[in-house]
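Trainee: Could we go through the ligand site together?
Mentor: Happily; let's open the model and start there.

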Amino acid sequence: MTADATGTALWPITLNPSTNPASPERRAEILADPGFGRYFTDNMVRAKWTEEAGWHDAELVPYGPLMLDPATNFVHYGQSIFEGLKAYRHADGSIVTFRPHMNAGRFKRSARRLAMAELPDELFVGSIEALVRQDHAWVPEGSEKSLYLRPFMFSTEVGLGVRPGNAYEYMLIASPAGAYFPRGVKPVNVWLSDDYVRAADGGTGEAKCAGNYAASLIAQAEASAHGCDQVVWLDAVERRWIEEMGGMNLYFVMGSGDGARLVTPSLTGTLLPGITRDSLLTIAADLGIRANEERISVDDWRDGCANGDITEVFACGTAAVITPVGQAKSRNGSWQVGSGESGPVTMRLRQALLDIQTGEAHDKHAWLHPIVSA
Ligand SMILES: *Cc1c(COP(=O)(O)O)cnc(C)c1O
């Protein structure tokens with residue numbers, strides 16, 4: 001076994017890369033304006049699991065379609081989980097990822113919740129290292145650009161019996177990503193959903209599973225119908241406690257200046273424990289901003305905005321990093337957050353996190369995982 005830069009053993013991956021990669025001209029054209037999730041690199045990684053053999057056949061192969069039996073179990077019953085993280089190219093040309101062992105751990109917890117085989121960290125991180133090394137030319141230059149990495153796993157057992165699959169496939173694909181806000185950070189308007197819930201106690205809210213997203217789409221459509229960009233999820237029992245925004249965690253800024261304080265909804269078991277959320281708790285402490293995990297209600301939000309206690313609200317996640325929330329709307333009225341524009345605490349935290357990821361600031365918590373050296 002080889003090891004990564006931190007000495008962790010990596011799973012051996014057989015390299016059978018594409019013999020027909022995109023031309024440098026075509027790649028440059030794509031990297032100039034990659035958008036999000038539209039283009040994929042030349043290769044991908046796959047590995048198989050069976051009861052008899054465990055994880056095996058870990059291989060880097062050309063990116064290409066899957067052939068599936070129509071009775072493949074996950075298509076019918078949804079044993080399907082995923083992760084999302086990014087590789088960044090620093091100014092010196094080196095390439096890093098951000099806290100990949102956190103994603104590896106969450107991927108295992110998602111698998112456990114869906115009664116799937118757990119992927120070893122060495123294979124999760126090993127697959128990322130292999131693909132990023134092979135397709136390093138696809139990691140864009142420029143701040144806020146990155147290579148988005150999408151690990152995922154699904155049951156490949158063939159048959160319509162409802163039971164945990166006896167075979168799984170793990171895959172990793174990569175997609176160059178442009179700046180989320182190419183024309184500057186712009187606040188989103190949110191719809192507080194009363195009709196639909198994302199997760200209930202004992203359900204799959206903590207797991208990054210495909211089904212959670214399928215179940216969320218109707219609420220997202222309802223948000224659009226009300227002129228909003230995103231849906232905010234409330235707790236399933238009282239429809240009172242704020243949980244998340246779409247596929248991102250939420251933060252509330254109380255007060256301003258030196259007295260500013262952050263509150264993010266506690267991880268009650270129905271929220272997805274975001275790695276961006278976790279990182280911001282630490283970055284806030286670094287910046288001397290008090291940050292607490294607390295329950296926060298719809299009334300707290302509305303009244304806090306009315307009396308000025310709440311000055312800023314933002315959402316956070318790997319894809320967009322930090323997105324300010326400008327307006328909130330519900331069946332019982334709508335209100336503006338602060339000035340309705342991106343606030344100073346939001347933008348300061350956003351820059352602090354981006355500076356670590358892009359190598360502009362000292363990585364004092366050793367969050368960066370080097371893959372390709374300068
Ligand atoms: C992935 C995800 C997040 C954000 O997690 P990060 O690790 O910060 O990217 C938040 N909420 C949901 C529902 C998610 O799926």
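What follows is a short conversation about the ligand and the pocket around it.

Trainee: How many residues surround the ligand?
Mentor: Keep in mind that this is a predicted model. Lys208, Tyr213, Glu244, Thr276 and Thr318 are the closest to the ligand. By class, the shell splits into 4 nonpolar, 7 polar and 4 charged residues. The number of residues surrounding the ligand is 15.

Trainee: Which residue has a polar side-chain atom 2.5 Å from a nitrogen atom of the ligand?
Mentor: Let's sort the contacts by the part of the residue involved. Glycine 247 uses a polar backbone atom, 3.3 Å from a ligand nitrogen, and isoleucine 275 has a backbone N or O atom 2.8 Å from a ligand oxygen. The side-chain contact at 2.5 Å belongs to glutamate 244.

Trainee: How much of the ligand's accessible area does the protein cover?
Mentor: Start from the ligand on its own, which has 380 Å² of accessible area. The share covered by the protein is 96%.

Trainee: Which element gives the largest share of the lining of the largest pocket?
Mentor: The ligand takes up the space of that pocket, which holds about 790 Å³ and is lined by 36 residues. Strand 14 (248-254) and helix 6 (275-286) each give two or more residues to the ligand shell, and both also supply at least two residues of the pocket lining. The largest share of that lining, however, is 5 residues, and they come from helix 5.

Terms used:
Residues are numbered from 1 along each chain as its sequence is written. This is a predicted model: local features need pLDDT of at least 70, side-chain atom pairs count only at pLDDT 80 or more; totals for chains, interfaces and linings use all residues. Side-chain values use heavy atoms; hydrogens and water are left out. A residue is near a molecule or strand if one of its heavy atoms lies within 4 Å of it. A polar contact is a pair of N or O atoms within 3.5 Å; within protein, one must be able to donate a hydrogen and the other to accept it, and residues adjacent in sequence count only if both atoms are side-chain atoms. Accessible areas come from the Shrake-Rupley method with a 1.4 Å probe; for residues, only the protein chains shown count as cover. On a 1 Å grid over the protein atoms alone, a cavity is a set of points where a 1.4 Å probe fits but cannot get out, and a pocket is an open set with protein on both sides within 12 Å along at least five of seven lines; lining residues have an atom within 4 Å of a point. A molecule sits in a cavity or pocket if more than half of its atoms lie within 2 Å of its grid points. Helices (H or I, at least four residues) and strands (E, at least two) are DSSP runs, numbered from the N terminus. Ala, Val, Leu, Ile, Met, Phe, Trp, Tyr, Cys and Pro count as nonpolar, Asp, Glu, Lys and Arg as charged, and the others, Gly among them, as polar. Grid points are joined across faces, edges and corners, and a volume is the space filled by probe spheres set on the points.
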